[in-house]
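Q: Please take a close look at a single part of this structure, namely its open sheet, and describe how the strands are arranged.

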Amino acid sequence: MDRAAPLSGIPRRLRLATAIGALLALLGTYVFATTTRADADPGVNVIRVAEFPADCTYSHRLPDDPIIFPGLPGASHMHSFFGSTVTNAHTTLPDLVSSPTTCNPRTDVSSYWVPTLYNNNVPVEPTIVTFYYLGEGVRADVVAATQPIPQGLRIVAGNAKAAGPNESIARWSCLHAGQVPPSKNFVTCPAGTMMESYLDFPQCWNGRDLDSPDHKSHMAYPVNQACPSTHPVHVPKLRQVLRYPVNGNPALFRLASGPGYTMHGDFFNAWPVAEMARRVQDCIRPVIKCGHDGRPI
Amino acid sequence: MRTLVSAPSALLVAALLLAGCATGSPDPAATAPPSATAPLTAAPSNAGSPTGTAGPFSATDIAWLQLTVAMADRLLPVLDLVPGRTTDPAWRRLATQVEATHRANLDRSRRLLNDSGGPTTNPHEGHDMPGMITAEELTSLRSATGTSFQRLLAGHLRAHLTQAVRIATAEQRGGVHPGTIALAAAVVRNGADDLARLDRLHPPNGRPAGQAA
C-alpha cells in the first residue's frame, strides 16, 4: 500500500502535465502563427523552409564551357545546357541578360550546364530539372543575413577530374525508390523509376570576385554552420536536381567527363538583380517556401 | 563578346594594377591578390599597362595556354613509346618531328603562363579532354607493336593534332595577348604540317589530306 499512493498519483500528475503541455502547445502555435503572419501576407500559413525554385528544361548541347574555356569553342567535353538558350564558349553576362530561357520563371535567364549523360553512347537528357535556391546548412542568424547572388557570379560544383568516389561530392539516387541507397556513382534504379543526380553548390562568397583563376577559390562551403572569414558573404545555396529517364543496370551509363562520380555543375548567374533581391528578401531571410513566382506557396 | 566588360571586372582590373605597383593603398580593391584577378583582366584598353610589356592576358589566353600545356603533357609520353614499338624510320621521323615542335611550344606556353600571373599548375591534370589520350588507350599502345601500333598511334595523333589546331584557331580569333596569339598561329601552322605528314604516312578514311579542323 505504501507504493499504491504514489503509483496512483503519477497518472494524475501526468494528466496535469499533459494538460499544461497542451496549453503551452496551443499558446506556442498561436505565437508561431502570429509571428508567421507578421513576416508574410496576412492570413497565409506559409511553409517554414527557406527556398525558391527555378525549373529549367534542357536547351542544347555543345562541347563548350564559357567559364573554364571562355572563347574556345570545342575545347570542352560535351555539356548539356539549361536555362539561357544562347550559351556557348563566347557567352558573357550581357549575352545572358537579353537571352531567351527555358526556365520557369522566365525571369531566370541564368545559364546552367552539366556533362552530358550517355547510355550506350546515346545522349540522355534529364526530363525534370530543378534548381533550388536554399537557406540551409548554416545557422538561422546566417540564413537571416543572406545576400543576393551577385549578377555575373560564376560557380562550379563537383569534381570533373575525380579519380574515384572519395574525390567526389556527387550524389546519385532513384526518384520514387528511396530504398535504393544513394551513391557517389550511378545507381541501379528499379523499373518505372528515374535515376536522379543531386549537387549542392558552395554558398559562401569572398564578396569581391565574380570568378577566380581556378574558378573555385572565390567560393567556399560553410564550416561549422557558418561562412568562413575568408568567404564571409552568405548567398543562397544552389541545389541542382536532375531526373533522367533511365533506370536499370548502369553499366553502359557514362558522363562526358567520365564515371558518375565526375558529375559537376556550372552556374552563370544572370537573374535580374531586383528579382533575385526580392526572393532573398521574401523567401530566404524570413525562411518561407516560395514558388516559381517568388511568392509564398 | 570576348571580353568581360561588367563593372566588377573593371574593378578587378583596377585591383590588379594597384596590387602590382602599390602597397598600403586605402582603396579596398587594392587588397585583392593579383592571382585572383589575372584571368579576368580582359580589357584590351590596358595595353601598355604596368602588368607586362607585351600587354594583358585575357581569360581566353590563359585558358588556351593551360589547355595547350595539358594536351602536350598528355601527348609526349605517347611519342616516347615510338622508338620501342616500331622500327619504321618514317614513323620514327614523324614522332621526332612532332615531339620537337611540341616541346618548343610547351616551353613557350609555360613561359607565357608564368608571365600571365595565372596558376602555372595544370588545372586539367588527370582530366580526359577532347583530343587527349586516356590511360586505357595508353595501356593499349604499350602492348602493341608494328603496324597495329602505327594504326593506333595514327588515330591518337590525328585526334590530338586536329583538336590542337581547332582550339589554337579559336585563340587566334578570340585571344588578346600578342605573344599568345603568335604562339597559337605557330601551333596552327605546325599542326597543319604534322597532319599533312601523318596523312601521307597513314591516310585518313575518306578525308583529303590536311583537312584537319
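A: The following account treats the sheet, its strand pairings and the annotated region around it. This is a predicted model, in which local features need pLDDT of at least 70 and side-chain atom pairs count only at pLDDT 80 or more, while totals for chains, interfaces and linings use all residues. Residues are numbered from 1 along each chain as its sequence is written, and chains are lettered from A and ligands numbered from 1 in the order in which they are written.

In chain A, 5 strands make up an open sheet with antiparallel pairing, in the order E2-E3-E5-E17-E9. Strands (E, at least two residues) are DSSP runs numbered from the N terminus, and two of them pair if DSSP finds at least two bridges between them. At the edges lie strand E2 (58-62) and strand E9 (154-158) of chain A, each pairing on one side only. From one strand to the next, the twist averages 20 degrees, with axes being lines fitted to C-alpha atoms and angles running from 0 to 180 degrees between N-to-C directions.

Strand E17 (residues 264-268) of chain A is joined to strand E5 (residues 111-115) of chain A by 3 bridges, and the two run antiparallel. Here Ser111(A) stands opposite Phe268(A). E17(A) is also joined to E9(A), again antiparallel, by 5 bridges; one of the partnerships is that of Val156(A) with Asp266(A) in E17(A).

E9(A) is largely enclosed by the rest of the structure, because 5 of its 5 residues are buried (20 or more other C-beta atoms within 10 Å of the residue's own, with C-beta atoms placed from the backbone).

Note on methods. Helices (H or I, at least four residues) and strands (E, at least two) are DSSP runs, numbered from the N terminus. A residue is buried if 20 or more other C-beta atoms lie within 10 Å of its own, exposed if 12 or fewer, and partly exposed in between; C-beta atoms are placed from the backbone.
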